[in-house]
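Here is a short briefing for a first look at this structure. It covers one loop and then the cysteines.

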Amino acid sequence: MTDSLPTGGLETEALPLPGWTHVYSGKVRDLYVPADESINEKFGQECVLVVASDRISAYDHVLSSEIPDKGRVLTQLSLWWFEQLGVEHHVLASTVEGGVPAEVEGRAMICKKLDMFPVECIARGYLTGSGLAEYKESGTVCDIPLPEGLVDGSRLKKALFTPSAKAEVGEHDENITYDDVVAMVGDDIAARLSELTLKIYTRAEEIARERGIILADTKVEFGVDANTGVITLGDEVLTPDSSRFWDASTYAPGKSQPSYDKQYVRDWLTSAESGWDKSSDTPPPALPAEVVERTRARYVEAYEKLTGRTFA
């Protein structure tokens with residue numbers, strides 16, 4: 001198990017929030033802890049304020065450009081999914097009335113402070129991305145053998161638990177095997193992490209499919225609630241930043257599928273127009289206004305199609 005809060009992180013000018021002390025910034029989220037014990041006492045346990053920024057990352061770089069409303073979309077979509085899944089999660093409050101500072105209303109959650117496991121729990125229902133790359137080399141994904149003849153976008157007969165090891169900001173997460181997870185957290189916890197991850201994926205895949213969206217894969221994170229000892233779902237859940245969503249109406253195996261995420265950003269960064277070499281140490285250039293707007297529209301479209309709500 002890792003410490004309750006991560007170490008290191010980005011150097012950012014975090015927003016000062018009355019009653020809260022900034023302790024960490026990741027690629028997208030800023031974490032705060034109560035400045036005094038009154039907030040912890042209100043909830044009867046240690047809390048952390050999770051604030052989603054409008055930052056966007058690609059190819060292990062945090063870009064200088066931001067995507068307007070991205071933090072609110074990610075937070076509101078996560079909150080909606082937490083209500084659908086039927087698993088223990090970390091959210092304690094998400095409104096100003098519940099204690100969220102007005103300055104970050106809509107993009108922040110007061111959450112249980114968990115002892116997080118050092119594992120990115122990934123479920124794959126379709127073959128693509130890094131899983132496809134490994135499959136082409138060895139016929140496996142995270143050392144799990146797969147049938148011959150699969151292509152980019154092939155639906156798997158059974159969803160797979162394919163974990164990775166958490167990396168520091170700016171580093172690549174590394175795919176690991178189930179046996180590696182057992183070595184890190186033990187047999188019982190490894191089995192429970194796999195069970196919960198696949199339960200979440202299966203439920204979410206059904207919900208998304210009903211709304212015309214394919215959930216190809218997703219990443220979730222878990223920790224232990226110190227008050228109850230229960231393994232608890234933390235971080236964000238089933239957003240375009242943590243999941244691969246495809247439009248079911250255009251899905252066709254054998255090619256790369258358009259996705260509801262930062263695809264426009266990646267495509268532009270690797271285009272001749274950007275002039276940027278992703279293998280270099282040079283930071284990516286600022287995004288054109290058109291790419292920013294199209295990316296924002298894609299995030300909002302995912303939110304509206306999944307929830308059936310209008311993003312205001």
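Start with Tyr59, which lies in the loop between strand S4 (55-58) and strand S5 (61-66). The model is predicted. Two topics follow: backbone angles in that loop, and cysteine pairing.

**The loop between S4 and S5**

- Tyr59 has a phi near 50 degrees, a positive value in a residue other than glycine.
- Most residues other than glycine have a negative phi.
- Tyr59 counts as partly exposed, at 29% relative accessibility.
- Asp60 is also found in the loop between S4 and S5.
- The phi of Asp60 is positive too, at about 65 degrees, although Asp60 is not a glycine.

**Cysteines and disulfides**

- How many disulfides does the count come to? The count comes to 0.
- Why is Cys121 not bonded to Cys142? A disulfide needs two cysteine sulfur atoms within 2.5 Å. The closest cysteine sulfur to that of Cys121 is in Cys142, 12 Å away, so the two are too far apart for a bond.
- Seen from the other side, Cys142 is in no disulfide, and its nearest cysteine sulfur is that of Cys121, at 12 Å.

**Burial of the cysteines**

- Is Cys121 buried or exposed? Cys121 is buried, with a relative accessible area of 1%.
- Cys142 is buried as well, with a relative accessible area of 7%.
- Both values fall under the 20% cut-off for a buried residue.

Terms used:
Residues numbered from 1 in each chain as written. Predicted model: local features only at pLDDT ≥ 70, side-chain atom pairs only at ≥ 80, totals over all residues. Heavy atoms only, no water. Buried < 20%, exposed > 50% of the residue type's maximum accessible area, 1.4 Å probe, protein only. Helix = DSSP H or I, 4+ residues; strand = E, 2+ residues; numbered from the N terminus.
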